[in-house]
Amino acid sequence: MLIAHLADTHLGFRQYGIEEREIDIYSLFEEAVDLAIKEGVEAIVISGDMFDKPRPSNRAIKIAGEVLRRAHEHGIRVYSVLGEHDLPKKYDLPPQVLVPYLRLLGTSRTPDVDVIHCGGRDYYIAGVSHHPPRMKYLNMLRRKLSDIMTKVEGRRTVLMLHQNVKQFFMIEEGLDLADLPHEVAYVAMGHLHRRIARKLESGTVVAYAGSIDIMRADEIESWREVGKGFYMVDLSTSEAVVHTINLNVRPQVMLKTNYNRFREDLKVILSKVSSSDKKGIIHVWVTVPYKVKDDIVKEIRRIVGEKAYVRIRLERVVESPPKGGEEGVELDALSIVASMIGGDPNNRVAREAAAVILKIKDILASNSEEDIEAWIEKLLQYKELWSNKVGSLELIPTSYTDLTKQRGNGLEKFMR
């Protein structure tokens, strides 16, 4: 049996507010499904974050239904689990229930397992929707996985999950590889936007298909190395065989330069994106001395013109006065923040914490689309740097504690 494994399609996502980027994602989703149909797959599994929001636009739902109708007409079953972007913010129905020809697995209102008969053999498709990356919910997930394994014991099984595996991403709490059932043939993962495929000693293949497009600037390097798209998985042999399918995504490049050479560097980068049939996106990060008063943004936009979309970030640096005849030393933003929280701008721990603070600043300023909660959790690891500089806090009011508990119970109810 052949299946197509997609994840993190984020239908409805409009990167940088550009409508053309929203259309890009619809087109790539359509391209992926059409390729799966052409290859004659029996099933398409979408491992979470099918939509970018729990309440997507009517346009996103309509396009999803139209594309999946084509798969249905060719006798292909399409399955999905919920990612954190799909989860309703209140106790409500997820957007997947509005999409025809889609089978949602792993919620309190849907089955965990379905069966496909192919080539005289039964194949099981199982799934569990996203659980928050906190120990309480991860323990619930482990129990859920154990229950599912009793239903599929001895069967050829594909397991869909939308979770972090901590061996692949240490910043966020997640499952251990040892938590994954080693009896299944293929674990179709979602959540991480980069491609990863690893075969365990048992023969089980654990794979992140990655996002179908470059959703964030920090995915550019991964796209250059391994591409963006989905996996085609052959389950007819004793071990799952994974084939990588790349999609034709809009090119994006990152340019980190300084005031003295940004013009020359920008012209070189332009030559790399102008060869594509799609108008590329250039992320320009320029360090500029504070004393420079030139309109750098205007100059960059003049050079780029209509050849590409451009995202510009200026980082102002200050020069310290010369000491003992030494040349001036530039203090970058990292050093400035590190000195504010640790006293010494060269202290390793202070610089690590400063880097996290600057990352959070970028996310809040919409210069980055990364998960802010994960970075805040990382920042709390360095709280000893400032804990002695702030006063003690009053106890949390009982009413707030009760409200938090009620929310938790509601989420638990939805997950069970």
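**Entry 1: the sheet**

In what order do the 6 strands of the open sheet lie? I looked this up in a predicted model, and I read the order as 5-6-7-8-10-9, with mixed pairing. I then noted the edges, which are strand 5 (113-118) and strand 9 (196-199), since each of these pairs on one side only. From one strand to the next, the twist averages 15°.

I next examined the pairing at one edge. Strand 5 and strand 6 (residues 121-128) run antiparallel, and 6 bridges join them. Within this pairing, I found H117 standing opposite D122 of strand 6.

Which helix packs on the sheet? I recorded helix 3 (residues 135-152), which touches strand 5, strand 6 and strand 7 (156-162). The direction of helix 3 makes about 165° with that of strand 6.

**Entry 2: salt bridges**

How many salt bridges does the structure hold? I noted 24. As background, I wrote down that side chains of opposite charge can pair when their charged atoms come close. I then looked up three of these pairs in turn.

The first pair I looked up was R59 and E22, whose side chains meet in a salt bridge at 3.9 Å, N to O. R59 belongs to helix 2 (residues 58-73) and E22 to helix 1 (residues 19-39), so this salt bridge ties together parts that are 37 residues apart in sequence. I also checked the surroundings of each partner. R59 is partly exposed, at 33% relative accessibility, whereas E22 is buried, with a relative accessible area of 5%.

The next pair was D24 and R250, with a salt bridge of 2.7 Å, N to O, between their side chains. Why does this pair tie together parts that are 226 residues apart in sequence? I found D24 in helix 1 and R250 in the loop between strand 12 (241-246) and strand 13 (252-258), and the pair therefore spans that separation. Both D24 and R250 are buried.

For a pair inside one helix, I turned to E299 and R302, whose side chains meet in a salt bridge at 2.9 Å, N to O. Both residues lie in helix 6 (residues 296-304), 3 residues apart, which is about one turn of the helix. A general point helps here: an α-helix has 3.6 residues a turn, so residues three or four places apart point the same way. Are these two partners buried or exposed? E299 is buried, because its relative accessible area of 18% falls under the 20% limit. R302 is exposed, because its relative accessible area of 56% is over the 50% limit.

I closed this entry with a network. Salt bridges that share partners join E20, R21, D24, D213 and R250.

**Entry 3: the two sides of helix 6**

Which residues of helix 6 are buried? I listed I296, E299, I300, I303 and V304. Viewed down the axis of helix 6, these buried residues fall within an arc of 130°, so they line one face of the helix. On the other side of helix 6, I found K298 and R302 exposed. Just after the helix comes G305, which takes a positive phi of about 60°.

**Entry 4: S80**

I located S80 in strand 3 (residues 77-81). S80 counts as buried, because its relative accessibility is 0%. What does the side chain of S80 reach at 3.4 Å? I found the backbone oxygen of I46 at that distance. Leaving aside neighbours within four places in sequence, I recorded the residues in contact with S80, namely I46, M50, Q96, L102, R103, L104, L105 and M160.

**Entry 5: R70**

My last entry concerns R70, which I found in helix 2. With 26% relative accessibility, R70 counts as partly exposed. Which residues are in contact with R70, once its neighbours within four places in sequence are left aside? I noted E30, D34 and I37. The side chains of R70 and E30 are joined by a polar contact of 2.9 Å. For D34, I looked up the C-alpha separation from R70, which is 8.1 Å, although the two residues are 36 residues apart along the chain.

Terms used:
Residues are numbered from 1 along each chain as its sequence is written. This is a predicted model: local features need pLDDT of at least 70, side-chain atom pairs count only at pLDDT 80 or more; totals for chains, interfaces and linings use all residues. Side-chain values use heavy atoms; hydrogens and water are left out. Two strands pair if DSSP finds at least two bridges between them. Helices (H or I, at least four residues) and strands (E, at least two) are DSSP runs, numbered from the N terminus. Axes are lines fitted to C-alpha atoms, for helices over the stretch in contact, and angles run from 0 to 180 degrees between N-to-C directions. Contact means heavy atoms within 4.5 Å. A salt bridge is a side-chain nitrogen of Lys or Arg within 4 Å of a carboxyl oxygen of Asp or Glu. Buried means under 20% relative accessible area, exposed over 50%, partly exposed in between (1.4 Å probe, protein chains only). A polar contact is a pair of N or O atoms within 3.5 Å; within protein, one must be able to donate a hydrogen and the other to accept it, and residues adjacent in sequence count only if both atoms are side-chain atoms. The arc is that of the directions from the helix axis to the C-beta atoms.
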